[in-house]
Amino acid sequence: HRALRQRKMPPLAVACRPRLTPVTARRARARSARGVASSNPSCAPASSAIRQSSLQCRPRVGPRISVTSETRRCRSSVRRVRAVSPAAVSASGDAAVTETENHPILGQILAGITVSLAMVPESLAFTFVAGVSPIVGLHAAALMGLCTAVFGAQPGVISGAAGATAVVFAPLVASHGVEYLFAAVLLAGAIQLAAGAARLGKLIRLVPNTCMIGFVNGLAIVIAGAQLGTFRGLAGAALWQQIGLTLLTALLIKTLAHDRLRKVWPKQIPAPLAAIVIVTVLVNVLAPDFFALAKTVGDVAAVAGTLPVLHLPDVPLTFGTLRVIAPFAASVAAVGLIETLLTQQLVDETLETRTSTHREVTAQGVGNVVCGLFGSMGGCAMIGQSVIHVQAGGRTMVSGVTCALAILAYVTFGSGVIQRVPIAALTGTMACLVVDIFDWESFSRSRKIPKTDACVIGLVTLVTVVTNLAIAVFAGVVLSALGFAWKSAKKVNVTRVVENYVAVRIESFDDALYGVQ
């Protein structure tokens, strides 16, 4: 204790049992001790980290920290201990301990299966937008998901054949064919790899929070509009069955995810997965005659196919080809990176973590390069599926890899099962997603925040729905910059000289726009 004082280091408070007689048992208990705090917070920096070491438990080392029954149950799930800031330390000397939960493998596998079911209809719908075969979109969802799960920084982000990239590729496929699409995807992946090597992902910090809110609200509206398309062409009993099954799925998800049922319902089984399974069994097993008109995945497109194989783009290697695909590749690379990084920020805020942006950019580049080499349409992060993944409990690479492998299983030998899943079950899942991700407080908040910020939220939301994400974010950043310049123009710094408590003269008149005068 005296040596610690001489080094100006605070004594450690170790939450453990009293001294044990055997030395080996004492050291073993000390390795698993996980409550370290500072008895004198003013001597330690706020961001200092104290590594867990094999300290012997002594009865008079700083203040005692009470170990509750909850912390005893979580003893095996703690991997590391970090010091907290002085503001978090109470007057009694107790400190909050940051814990890292141990995520069960079964829960991660079920989370991956859940999000894979939600990706199938979206991938099929986006293939129709791009004008390619449905198998091309499913292969893109599997390859992008697998590459980003292995090489990405945020395991909660799910990538696949996204609508933002499908819209950009549609004119290229219509004018030059699908082979030029594969070449453009390959070039877009190379551009993203270059951006990751240059660490350009940090530029996403320039996007203000108001653009983030508008981005999420706009995508929620786009997702809701896409779900309305599932009711198109239906009438009579088929329409009412579609509406009823959608409402039933949404009701099951909200009921199983309610706080009162969390103590009864197993945490490893996601509520969306359980709702999809229940509705599927109801339609195909319990009452197949009553729901004979229910629309299924097989009614949208055939899912059966083979595994992706190596396929180099069959295009001439000339500058003319490069001039054709370069604009589309650059647009897809920019749109994909913007949507991916914004999705990564959203997941980071949800999970209260911070992950590497350039690593995520590099993973997107790897995924698009692989898609281009295997004859797929490429893609980027999908915010809807990422939110479903996080809500289902996906936290590690296992869930992302499971999602990709599940999609490949649907294509190869599981098509007979996945084609019998009702579209209404997936529509109800996406409807719950829209309700969850839309910032409903933005309406009431617009009266309290500055008018410039409210205009940015509305502009980004509107442009996201009408055009695409890249233009919306660019417009939001420009409007935010103009608003900041206008606010700065109203601030004037005046320097005056005071002698004998009397203002003598003004030295300078500093204006934000016109400089020093």
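Me: The backbone oxygen of which residue lies 3.0 Å from a polar atom of the side chain of Q344?
Reply: Happy to start there, with the note that this is a predicted model. Q344 has its place in helix α12, and its contacts beyond four places in sequence include T355, S356 and T357. The residue whose backbone oxygen lies 3.0 Å from a polar atom of the Q344 side chain is S356.

Me: Is Q344 buried or exposed?
Reply: Leaving out residues up to four places away in sequence, Q344 touches A153, Q154, V157, T355, S356, T357 and E360. Its relative accessible area is 1%, and the cut-off for this class is under 20%. Q344 is therefore buried.

Me: How many disulfides does a search of the whole structure find?
Reply: Take C371 as an example: the closest cysteine sulfur to its own is the one in C147, at 6.6 Å. A disulfide needs the two sulfur atoms within 2.5 Å, so the C371 and C147 pair is too far apart for a bond. The search of the whole structure gives a count of 0.

Me: What is the relative accessibility of C371?
Reply: C371 is one of the residues with the most contacts inside the largest nonpolar core. Membership of such a core requires a residue to be buried, and C371 does count as buried. Its relative accessibility is 0%.

Me: Which element gives the largest share of the largest nonpolar core?
Reply: That core has 38 residues, and M119, V132, F169, L181, C371, M377 and I407 are those with the most contacts inside it. Two or more residues come from each of α4, α5, α6, α7, α12 and α15. The largest share is 7 residues, and the element that gives it is α7.

Me: How many residues are in the other core that lies apart from it?
Reply: Friendly landmarks for finding this other core are V279, A287, V421 and C432, which are among its members. It lies apart from the core described above, and its residue count is 31.

Me: Which residues is F169 in contact with, leaving aside its neighbours within four places in sequence?
Reply: F169 is among the residues with the most contacts inside the core of 38 residues. L181 and M377 are in that same list, and both also appear among the contacts of F169. The full set is L181, A184, V185, F328, V332 and M377.

Me: Why is helix α14 described as largely enclosed by the rest of the structure?
Reply: The buried residues of α14 are I383, G384, Q385, S386, V387, I388, H389 and V390. They pack against α4, α8, α12, β2, α15 and α17. The helix is largely enclosed because the number of its 9 residues that are buried is 8.

Me: Which residue with a positive phi follows α14?
Reply: Helix α14 covers residues 383-391. The residue in question comes after the helix and has a phi near 105 degrees. It is G393.

Me: Which helices does the salt bridge between D436 and K254 link?
Reply: The two side chains meet at 2.8 Å, N to O. D436 is partly exposed at 36% relative accessible area, and K254 is partly exposed at 39%. The pair links distant parts of the chain, 182 residues apart, and the helices are α17 for D436 and α9 for K254.

Me: Which residues are linked in a network of salt bridges?
Reply: R445 pairs with D439, with the closest N and O atoms 2.9 Å apart. R445 also pairs with E441, here with 3.4 Å between the closest N and O atoms. R445 and E441 both lie in helix α18, about one turn of the helix apart. The network is made of D439, E441 and R445.

Me: Is E441 buried or exposed?
Reply: Its network partners give some context: D439 counts as buried at 18% relative accessibility, while R445 counts as partly exposed at 25%. For E441 the relative accessible area is 52%, and the cut-off for the class is over 50%. E441 is therefore exposed.

Me: What kind of aromatic pair do F290 and F291 form?
Reply: The two ring centres are 4.9 Å apart, with 85 degrees between the planes. Planes over 60 degrees apart fall into this class. F290 is exposed at 58%, whereas F291 counts as buried at 13%. The pair is edge-to-face.

Conventions:
Residues are numbered from 1 along each chain as its sequence is written. This is a predicted model: local features need pLDDT of at least 70, side-chain atom pairs count only at pLDDT 80 or more; totals for chains, interfaces and linings use all residues. Side-chain values use heavy atoms; hydrogens and water are left out. Buried means under 20% relative accessible area, exposed over 50%, partly exposed in between (1.4 Å probe, protein chains only). Helices (H or I, at least four residues) and strands (E, at least two) are DSSP runs, numbered from the N terminus. Contact means heavy atoms within 4.5 Å. A nonpolar core is a set of buried Ala, Val, Leu, Ile, Met, Phe, Trp, Tyr and Cys residues joined through side-chain atoms within 4.5 Å. A polar contact is a pair of N or O atoms within 3.5 Å; within protein, one must be able to donate a hydrogen and the other to accept it, and residues adjacent in sequence count only if both atoms are side-chain atoms. A salt bridge is a side-chain nitrogen of Lys or Arg within 4 Å of a carboxyl oxygen of Asp or Glu. Rings of Phe, Tyr and Trp (its six-membered ring) pair if their centres lie within 6.5 Å; planes under 30 degrees apart count as stacked, over 60 as edge-to-face and the rest as tilted.
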